[in-house]
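Colleague: I have the sequence and the model open. Can you take me through the bonds, the charged pairs and the odd backbone spots?

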Amino acid sequence: MKAAGVALLAAVALPLVRDPRHDAFPLSTYPMFAEPRTTRLTMDYALGETGSGERRTLSPRLVGTGEVMQAYVRLERAVHTGEAPALCAEIAARLHGTDIAWVRIVTGQHDAVDYLVRHIIGPEKERARCKVP
Amino acid sequence: MQGALSATRLRALRMLLGTYALLYTLARLPELWSIAHYPASEMEATGLARLAMPAPVVISIAVATCVLLGAFVAGWRYRIVAPLAALGLVFVFSYRSAWGQIFHTENLMVLHVCALALAPVDRDGDHAWWVRLLGALTVVTYVMAGIAKLRLAGLSWLDGDQLRNQIAIDNLRKALLGAGTAPLALPLLDRPAWFAPVSIATLVVELTAPVALLGRRLAVAWVTLAWAFHVGVLLLMWIVFPYPLVGFAFLPLLPAEKLLPRKLRL
């Protein structure tokens, strides 16, 4: 069985010979936080709007997952496949009975440090808008 | 490591890491149910998850994996049960990672269970060798993370800008998705000079992992640094790596048998 153990260790190290961007599970290249990038981010996300027009961020659970990155991917796919209105309605249905009146799915362009530290919100383009039932 | 001690340690690792995998899988069942309802078109095959499956099938496999992991911990019919438990675990967490995000928080747990499934369970066998293999798996994953940074960004990763940008972007995504920002992120993002030492420390922890295989004191020293690194990740990015944070990722490098009640050490 030691041979199988050695093979397992070798398999875990094998991704060293492939492009580190081609990640997989469970044999990963472990590329977390390794890719060079700027602080500019274009991203699709959902926003809530109260009856008085107050802006609210919406939790990943409202997008159907407890995981931030899975919510991120769901929103991105919905926008790029034309399914943003359907996802918008799905999110709105989960907000029934809250003070949020509208759900918007937008594509925003932000500088991360400006947004987080200086509270400067970049431009946002609306992709879908739906009323909370 | 003496024969009896290494057999006890391997047994302790099987029980402790198996219990962790069991509890972790149980805790993920509601989320697996949720992602199993995603449209098949959103799937990105990885590992053993090649096709989208009906939610009841996914959950049945996950529940069966939990049952198998219970038997794995107990050592019941180990030669049959352990490989099946490992296979189930690889499938379940491949499936979880097949929807747009690879969960690097789970690789090592799955790899450890796979290695334990191959290890001897009776008195015969080179138990010390298998304990070292489990430790080597921990070490290799950290070294690979360090090498990936150098391959993708080169030595410029050390100047701190890349790390600062990654932390900024990660926190922005979370803020926009309503998940909140990490407690130390905002105070540090406006102080770029802090990030060069943090970047260097990160690479030092990852690339020096092999020293943990050279002896108990070095193992304890490296494990302490690696654990602190994960605390830092938590405070800067709200990313929880539960396996190392609760210490289980490092148990193969430490006297794991001391965590077992005395009557289970025999």
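Colleague: Start with Asp190(B). Is Asp190(B) buried, partly exposed or exposed?

Modeller: This is a predicted model, so take each value as computed. The relative accessibility of Asp190(B) is 41%. Buried needs under 20%, and exposed needs over 50%. Asp190(B) therefore counts as partly exposed.

Colleague: Which residue forms a salt bridge with Asp190(B)?

Modeller: Side chains of opposite charge can pair when their charged atoms come close. For Asp190(B) the closest N and O atoms of the pair are 3.4 Å apart. The cut-off is 4 Å. The partner is Arg118(A).

Colleague: Where do Asp190(B) and Arg118(A) lie, and what does the pair join?

Modeller: Asp190(B) lies in the loop between helix 7 (185-189) and helix 8 (195-207) of chain B. Arg118(A) lies in the loop between helix 4 (112-117) and strand 4 of chain A. Arg118(A) is partly exposed, at 42% relative accessibility. One residue is in chain B and the other in chain A, so the pair joins two chains.

Colleague: How many salt bridges are there over all chains?

Modeller: The search covers the whole structure. Glu49(A), Arg104(A), Glu126(A) and Arg129(A) are linked in a network of salt bridges. Over all chains, the number found is 22.

Colleague: Glu90(A) forms a salt bridge with Arg94(A); how far apart are the closest N and O atoms?

Modeller: Both residues lie in helix 3 of chain A, 4 residues apart, about one turn of the helix. An α-helix has 3.6 residues a turn, so residues three or four places apart point the same way. Glu90(A) is partly exposed at 28%, and Arg94(A) is partly exposed at 38%. Their closest N and O atoms are 3.1 Å apart.

Colleague: Now helix 1 of chain B. Is Glu31(B) buried or exposed?

Modeller: Glu31(B) forms a salt bridge with Arg28(B), at 3.2 Å between the closest N and O atoms. The two are 3 residues apart in helix 1 (residues 3-35) of chain B, about one helical turn. Arg28(B) is partly exposed, at 21%. Glu31(B) has 12% relative accessibility, so Glu31(B) counts as buried.

Colleague: Which cysteines does a disulfide join?

Modeller: The structure holds 1 disulfide over all chains. Its sulfur atoms are 2.2 Å apart, and the cut-off is 2.5 Å. The joined residues are Cys88(A) and Cys130(A).

Colleague: How many residues apart in sequence are the parts that this pair ties together?

Modeller: Cys88(A) lies in helix 3 (residues 84-94) of chain A, and Cys130(A) lies in strand 4 (residues 124-131) of chain A. Both cysteines are buried. The parts tied together are 42 residues apart in sequence.

Colleague: Is that disulfide left-handed or right-handed?

Modeller: Look at the torsion about the S-S bond of Cys88(A) and Cys130(A). The torsion is about -100°, so the disulfide is left-handed.

Colleague: Why is the sulfur of Cys66(B) not bonded to that of Cys114(B)?

Modeller: Cys66(B) is buried at 8%, and Cys114(B) is buried at 16%. The closest cysteine sulfur to that of Cys66(B) is in Cys114(B). The gap is too far for a bond, at 16 Å.

Colleague: How far apart are the end C-alpha atoms of helix 5 of chain B?

Modeller: Helix 5 (residues 127-153) has 27 residues, and 23 of them are buried. At 1.5 Å a residue the helix should span 39 Å. The model agrees, with the end C-alpha atoms at 40 Å.

Colleague: Which residue takes a positive phi just after helix 5 of chain B?

Modeller: The phi there is about 70°. The residue is Gly154(B).

Colleague: What phi does Trp238(B) have, given that it is not a glycine?

Modeller: Most residues other than glycine have a negative phi, and most peptide bonds are trans. Trp238(B) sits in the loop between helix 9 (216-237) and helix 10 (242-245) of chain B. At 41% relative accessibility, Trp238(B) is partly exposed. The phi of Trp238(B) is positive, about 55°.

Colleague: Which residue does a cis peptide bond join to Phe25(A)?

Modeller: Omega is about 0° at this bond. The partner is found in the loop between helix 1 (2-13) and strand 1 (40-50) of chain A. Phe33(A), with a positive phi of about 60°, is found in the loop between helix 1 and strand 1 as well. The residue joined to Phe25(A) is Pro26(A).

Notes: Residues are numbered from 1 along each chain as its sequence is written. Chains are lettered from A and ligands numbered from 1 in the order in which they are written. This is a predicted model: local features need pLDDT of at least 70, side-chain atom pairs count only at pLDDT 80 or more; totals for chains, interfaces and linings use all residues. Side-chain values use heavy atoms; hydrogens and water are left out. The expected span of a helix is 1.5 Å times one less than its number of residues. Buried means under 20% relative accessible area, exposed over 50%, partly exposed in between (1.4 Å probe, protein chains only). A salt bridge is a side-chain nitrogen of Lys or Arg within 4 Å of a carboxyl oxygen of Asp or Glu.
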